Amino acid sequence: MSEQYTYAVARIRALEVSLFSDQTIDQLIACGTYRQCLQFLEERGWGDPGAEPSAEAILAREEEKIWEVVKDLHISMDKFDVLSLPKQFHNLKAAVKTAATGKTVADIFYSGTAISGEELLDRISRKAWDELPDMMREAAHEAFDTLLHTGDGQLCDILIDRACLDAIHRAGEAAKEQMIRDYAESTVAVADIRTAVRGQKTGKSAEFLSRAIAPCGTLDEGKLVRAAVTGEEALRDYLAETDYAGGGEALAQSDSAFERWCDNRMIETISPQKYNAFTIGPVIAWVIARQNEIKTVRIILSGKQNGLPEDSIRERVRKMYG
């Protein structure tokens, strides 16, 4: 094992024991009320002892704990670029919309990114495009001009989301670790499939989908676009020819089943890291697993708050890594 990861992987192996299993998630769903769910989480160390119990505070604290562990492991943060890019581009999108509309929304930016949301907003407001990272520059400029002159917020989102996927794909191709390459490829492919499905359901044109769908190695974007504009059956038929046949099968069941498949596919991508003791892979897999865990708990708490029956909540929950 590479000496630089010896301690890190050993620490992660110890932390993996605390990850929620599918059985733990079932127990959380079985809690009678939203308040009992919060108590269940607190009893398992979520949030901070003595803090005011609220879902947002607990979930935000758990996200912070992830990166506190990573910092303690003294691993360069550039190893986690593939995971941080969605937050960076979320901040870019928020900054572009704020600069173009002049409307300020509180707590709109993620913290802990390479460039803060406030810095992005300053540069975009000054139209200092050359001060933006290369991966953001063109999309930011085009999205800003589009929103300013047409007011088309959806097209603004598409331009920036596509740039994010392209950046993730490049980061995956540049990575030395196979696990990062695999995760980047799956991230882009699953996002493309989501876009195709939503585009098919809302009657988007081939031109629209071609702008939104990013190239990747495991899908033919041209075939995906043509299938989406043809209809759901054609889309399922195309997916059946790919490594993502399960997505078409889930789509035939329900929208919830399809969304669950998308997230479960990402967990399947990282699951082999449980048996890998020689790279940074287990550390990155643990970060992804914890983020999936937090997302799943958020879905359950939202379901409880809205009075959804257990079966309905269970249909929405994701597969656990633990």
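Buried here means under 20% relative accessible area, and in this predicted model F20 falls on that side of the cut-off because its value is just 4%. W46, at 6%, counts as buried too.

These two residues also meet each other. Their ring centres lie 5.1 Å apart with the planes at 25°, so the pair is stacked. F20 sits in the loop between α1 (3-16) and α2 (22-30), while W46 sits in the loop between α3 (34-43) and α4 (55-72), so the contact ties together parts that are 26 residues apart in sequence. W46 has another partner as well: the charged end of R290 sits over its ring, 5.2 Å from the centre.

The stacked pair is one of four aromatic pairs that turn up in a search of the whole structure. Another joins W67 and F80, with ring centres 5.7 Å apart and planes at 90°, so this one is edge-to-face. W67 belongs to helix α4 and F80 to the loop between α4 and α5, 13 residues apart. At 23%, W67 counts as partly exposed, whereas F80, at 1%, is buried.

Then there is the nonpolar core. The largest one holds 101 residues, and F89, L92, V96, I270 and L301 touch the most other members. Helix α15 (residues 281-305) supplies the largest share, 11 residues. Leaving aside residues up to four places away in sequence, V96 touches I124, A140, A143, F144, L147, C156 and I160.

As for N91, its place is in helix α5 (residues 81-101). N91 is buried, with a relative accessible area of 0%, and its contacts beyond four places in sequence include I108, F109, Y110 and T113.

Definitions and conventions. Residues are numbered from 1 along each chain as its sequence is written. This is a predicted model: local features need pLDDT of at least 70, side-chain atom pairs count only at pLDDT 80 or more; totals for chains, interfaces and linings use all residues. Side-chain values use heavy atoms; hydrogens and water are left out. A nonpolar core is a set of buried Ala, Val, Leu, Ile, Met, Phe, Trp, Tyr and Cys residues joined through side-chain atoms within 4.5 Å. Buried means under 20% relative accessible area, exposed over 50%, partly exposed in between (1.4 Å probe, protein chains only). Helices (H or I, at least four residues) and strands (E, at least two) are DSSP runs, numbered from the N terminus. Contact means heavy atoms within 4.5 Å. Rings of Phe, Tyr and Trp (its six-membered ring) pair if their centres lie within 6.5 Å; planes under 30 degrees apart count as stacked, over 60 as edge-to-face and the rest as tilted. A charge sits over a ring if NZ of Lys or CZ of Arg is within 6 Å of the ring centre and within 35 degrees of the ring normal.
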